[in-house]
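Subject: Structure handover

Hello,

Here is the structure I promised you. Please open it beside this email, and my notes follow below.

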Amino acid sequence: MRCLLPLLILLLAIAGCGDNANRENASRDNGRGVDNAPPRNTPDRVGPDPNDPARPGPVERPGGHYPDPSPPKYVELEWADWGDGKIAQVFESDHIEKLPEDTRAVSFNLVLWYDHGREARVGDAELARLKRLPQLRYLAVGVEMGDAGFKAISELPALEHLVLTSFYVVNAERLQMLQKLSSLKKLELHLSDKALDEDALKAFREARPDVSIIR
């Protein structure tokens with residue numbers, strides 16, 4: 001028993017020294033930290049708050065998809081060579097009023113941009129205003145039009161050459177309107193197969209054998 005008492009006292013002294021050392025280390029860590037301590041939520045260790053409204057958005061990767069550009073705000077009236085004269089390239093509604101009364105050739109065109117963007121800014125209403133051009137002999141329509149557009153074309157007194165290029169339907173009723181064009185000499189039809197009524201075209205040929213039809 002006398003031998004065990006000093007040994008017990010020695011063990012208690014060693015344990016007490018270890019606790020003091022741990023408390024001292026913890027105190028130092030609170031002041032300056034240690035290298036192997038886990039990262040704390042401090043600005044130099046974490047990224048920006050994802051809920052912060054001032055946080056910048058994601059950066060587009062090179063080669064990624066970018067939004068298509070907006071269509072042109074306005075397209076100017078253009079003129080191109082046409083035989084021994086000029087043909088007006090119409091894109092906007094107000095171009096009709098800019099055409100001289102002796103204009104002989106007009107083309108209605110889509111406004112194009114980027115790879116696939118397109119927009120028709122002229123149509124039936126603008127075709128109806130072509131009646132102010134009594135010498136109009138050539139007309140190409142590359143925009144959508146309806147019955148009102150075909151009716152307007154049928155009332156052009158001097159029209160000789162008509163080109164229809166689009167995906168609008170050309171049916172019996174609309175071809176019958178074009179039969180009224182007594183001055184018509186040539187009709188070009190650059191349409192999809194489903195847009196043209198073949199039986200109606202056959203009837204048009206029989207009614208107007210004087211008109212050359214080009215497809």
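Which residue does Q89 stand opposite in strand 3? The partner is S107. Please keep in mind throughout that this is a predicted model.

**Overview**

The protein has 215 residues, and 33% of them are buried. Its secondary structure comes to 6 helices and 9 strands. Take the contacts with a separation of 6 or more: 53% of these join residues 24 or more positions apart. The exposed surface is about 14,500 Å². Carbon and sulfur atoms supply 54% of that surface.

**Strands and crossovers**

Start with strand 3. Strand 2 and strand 3 run parallel and pair over 3 bridges. Strand 3 also pairs with strand 6, again in parallel, through 4 bridges. Here V106 stands opposite L139 of strand 6.

Which way do the residues of strand 3 point? A105 and S107 point one way, while V106 and F108 point the other way. All four are buried.

Now go to strand 7. Strand 7 and strand 8 are parallel and joined by 6 bridges. S166 faces L191 of strand 8. Between these two strands the chain passes through helix 5, and this β-α-β crossover is right-handed.

Strand 8 also pairs with strand 9, residues 212-214. That pairing is parallel and has 3 bridges. E188 has I214 of strand 9 as its bridge partner. The chain gets from strand 8 to strand 9 through helix 6, in a right-handed β-α-β crossover.

**The cores**

The largest nonpolar core holds 40 residues. Which of them touch the most other members? They are F108, L139, I153, L164 and L178. The elements that each give two or more residues to this core include strand 2 (85-90), strand 3 (105-108), strand 6 (138-141) and strand 7 (161-166). Helix 4 (147-154), helix 5 (172-178) and helix 6 (198-207) are also among them.

There is a second, separate core of 5 residues. A105, Y138, A140 and V163 are among its members.

Look at I153 next. Leave aside residues up to four places away in sequence. I153 then touches L127, L139, V141, M145, L159, L162, L178 and L181.

I153 is also one of the buried residues of helix 4. The others are G149, F150, A152 and S154. What covers these buried residues? The cover includes helix 3 (124-128), strand 6, strand 7 and helix 5.

**Aromatic pairs**

There are 2 aromatic pairs in the structure. W82 and Y138 form a tilted pair. Their centres are 5.6 Å apart, with 45 degrees between the planes. W82 is in strand 1 (residues 78-82) and Y138 is in strand 6, so the pair ties together parts that are 56 residues apart in sequence.

Are these two residues buried or exposed? W82 counts as partly exposed, at 25% relative accessibility. Y138 is buried, with a relative accessible area of 14%.

F150 and Y168 form an edge-to-face pair. The distance is 6.1 Å centre to centre, and the planes are 85 degrees apart. F150 belongs to helix 4 and Y168 to the loop between strand 7 and helix 5, so this pair ties together parts 18 residues apart in sequence. Both F150 and Y168 are buried.

**R174**

R174 lies in helix 5. Why does R174 count as buried? Its relative accessibility is 12%, and buried means under 20%. Not counting neighbours within four places in sequence, R174 is in contact with M145, G146, D147, F150, Y168 and V169. The aromatic pair of F150 and Y168 is therefore part of the R174 surroundings, with both residues in contact with R174.

**P71**

Finally, find P71 in the loop between helix 1 (4-32) and strand 1. P71 counts as partly exposed, at 32% relative accessibility. Which residues does P71 touch, not counting those up to four places away in sequence? They are W113, E119 and R121. P71 and W113 are 42 residues apart along the chain, and their C-alpha atoms are separated by 6.0 Å.

Best wishes

Methods: Residues numbered from 1 in each chain as written. Predicted model: local features only at pLDDT ≥ 70, side-chain atom pairs only at ≥ 80, totals over all residues. Heavy atoms only, no water. Core = buried A, V, L, I, M, F, W, Y, C linked by side-chain atoms within 4.5 Å. Buried < 20%, exposed > 50% of the residue type's maximum accessible area, 1.4 Å probe, protein only. Contact = heavy atoms within 4.5 Å. Phe/Tyr/Trp six-rings, centres within 6.5 Å; stacked < 30°, edge-to-face > 60°. Pairing = 2+ DSSP bridges. Right-handed = clockwise from strand over helix to strand, strands pointing away. Areas by Shrake-Rupley, 256 points an atom, 1.4 Å probe, with all protein chains shown as cover.
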